[in-house]
Amino acid sequence: MDAQPPGSRVVLVTGASSGIGRETALHFARLGDIVVGVARHEPALREVADEHAGIHQEVVDVTDAAARVDLVDRVLRQFGRVDVLVNNAGVGPLGYLHELTADDVERVYDTNVVAVADLTRMVLPDMLWRGDGAVIMLSSVAAWASVPPMTAYASSKFAVDGLIEGLRRETWGTGVLVHSINPGPIATDYLARAANRSPQPGDPPRSSAPGFPASWVADAVVDAADARRPVTRSVPRVAGVVRLAQVPPVGAVLDLVF
């Protein structure tokens, strides 16, 4: 079956209330796609939906297994399919591993790995039956170089990259494509969320983390949704040089630095 063209797709975006997810939801909606924006924080999600009529709100905690099932069931009943799944929701506690709590560790893996794998598992059967669909994973350059104080976060993105690698082999030749977007530092509310203090509508302004615009990542996600083969892309593209850290001589230099 031919892929659904832009403007006619059903796009499910997790973590749509802020940062990369917000920009991604708006980018797809401006193309005319039906966007289902998913997030825990209802006021912030409502703000995004108010910006464009093409964005439908789903207030869901993706770490809740039963809520994930209900979410996918509702979307399939209402819209009939999911053409593009954007697994964007993620958390990244800052700190050395021994400084984190058990809840911190559980939260990063439940959000960044378990929810990602489970949502993908649930949308794949219909995509495979139709012979069409795109799963876009928001990984990170941290998956290529694990450095303190982001060891737990980086390890979760290593897991996502392993999932991507296997899924590409599972879906080869089916018409379903699995893409990886690996951002470098992006100017979002990441630091606030890392401290479990997501900004809400009406809160006083807070400084974004230093980095590149979230819209750059959203552009890469939209481009991947139109691709005809699996895409792995760093944002900005120059951040792809971090992959050299997987080469032993370069990794040894990082060891000396840290």
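**Figure 1. Thr24 in helix H1 of the predicted model.** Thr24 is buried, with a relative accessible area of 1%, in a model that is predicted. The residue belongs to helix H1, which spans residues 19-30. Leaving aside residues up to four places away in sequence, Thr24 touches Val13, Val86, Ala218 and Val221. Of these partners, Val86 appears again in Figure 3, where it is named among the residues with the most contacts inside the largest nonpolar core.

**Figure 2. The protein chain as a whole, shown for orientation.** The chain contains 8 helices and 7 strands, and buried residues make up 48% of its 258 residues. Among contacts with a separation of 6 or more, 67% are accounted for by residues 24 or more positions apart. The chain exposes about 12200 Å², of which carbon and sulfur atoms supply 57%.

**Figure 3. The largest nonpolar core and a second, separate core.** In soluble globular proteins, nonpolar side chains tend to be buried together. The largest nonpolar core of this model has 29 residues, and those with the most contacts inside it are Phe28, Val86 and Ile181. At least two residues of this core come from each of strand S1 (10-14), H1, strand S2 (34-39), helix H2 (42-51), strand S4 (84-87), S5 and helix H7 (214-225). Helix H7 gives the most to this core, with 7 residues. A second core, separate from this one, has 28 residues and includes Leu12, Leu71, Met127 and Leu167.

**Figure 4. The surroundings of Ile181.** Ile181, one of the residues with the most contacts inside the largest nonpolar core, is shown with its contact partners, not counting residues up to four places away in sequence. The partners include Ile136, Met137, Leu138, Ser139 and Ser140, and also Val217, Ala220, Val221 and Ala224. Arg233 and Val235 are touched by Ile181 as well. Val221, listed here, is also a contact partner of Thr24.

**Figure 5. Two enclosed cavities.** Rolling a probe the size of a water molecule over the atoms shows where empty space is left. The structure holds 2 cavities of 30 Å³ or more. The largest cavity has a volume of about 40 Å³ and is lined by Asn87, Asn88, Ala89, Asn112, Val116, Met137, Leu138, Lys157 and Val160. Helix H4 (102-130), S5 and H5 each supply at least two residues of this lining, which by class has 5 nonpolar, 3 polar and 1 charged residues. For the second largest cavity the volume is likewise about 40 Å³, and the residues that line it are Thr14, Val62, Asn87, Asn88, Ala89, Thr111, Ala115, Val116 and Leu119. Helix H4 gives the most to the lining of the second largest cavity, with 4 residues, and by class this lining has 5 nonpolar, 4 polar and no charged residues.

**Figure 6. The second largest pocket.** About 290 Å³ of space lies in the second largest pocket. The pocket is lined by 18 residues, and those nearest its centre are Ala3, Asp132, Ala225, Ala227 and Arg228. Divided by class, the lining has 9 nonpolar, 4 polar and 5 charged residues.

**Figure 7. Two cis peptide bonds that precede proline.** The peptide bond from Pro148 to Pro149 is cis, with omega near 5°, and Pro149 lies in the loop between strand S5 (133-138) and helix H5 (151-170). The peptide bond from Val235 to Pro236 is also cis, with omega near -5°. Pro236 has its place in the loop between strand S7 (232-235) and helix H8 (248-257). Val235, which comes before Pro236 in this bond, is among the residues touched by Ile181.

**Figure 8. Gly54 in the loop between H2 and S3.** Gly54 sits in the loop that runs between helix H2 and strand S3 (55-59), and it counts as buried because its relative accessibility is 16%, where the cut-off for a buried residue is under 20%. Not counting residues up to four places away in sequence, Gly54 touches Asp33, Ile34 and Val35. Gly54 and Ala29 are 25 residues apart in sequence, while in space they are 5.3 Å apart, C-alpha to C-alpha.

Methods
Residues numbered from 1 in each chain as written. Predicted model: local features only at pLDDT ≥ 70, side-chain atom pairs only at ≥ 80, totals over all residues. Heavy atoms only, no water. 1 Å grid on protein atoms, 1.4 Å probe; cavity = no way out; pocket = protein on both sides within 12 Å on 5 of 7 lines; lining within 4 Å. Points joined across faces, edges and corners; volume = space filled by probe spheres on them. Nonpolar A, V, L, I, M, F, W, Y, C, P; charged D, E, K, R; others polar. Buried < 20%, exposed > 50% of the residue type's maximum accessible area, 1.4 Å probe, protein only. Contact = heavy atoms within 4.5 Å. Areas by Shrake-Rupley, 256 points an atom, 1.4 Å probe, with all protein chains shown as cover. Core = buried A, V, L, I, M, F, W, Y, C linked by side-chain atoms within 4.5 Å.
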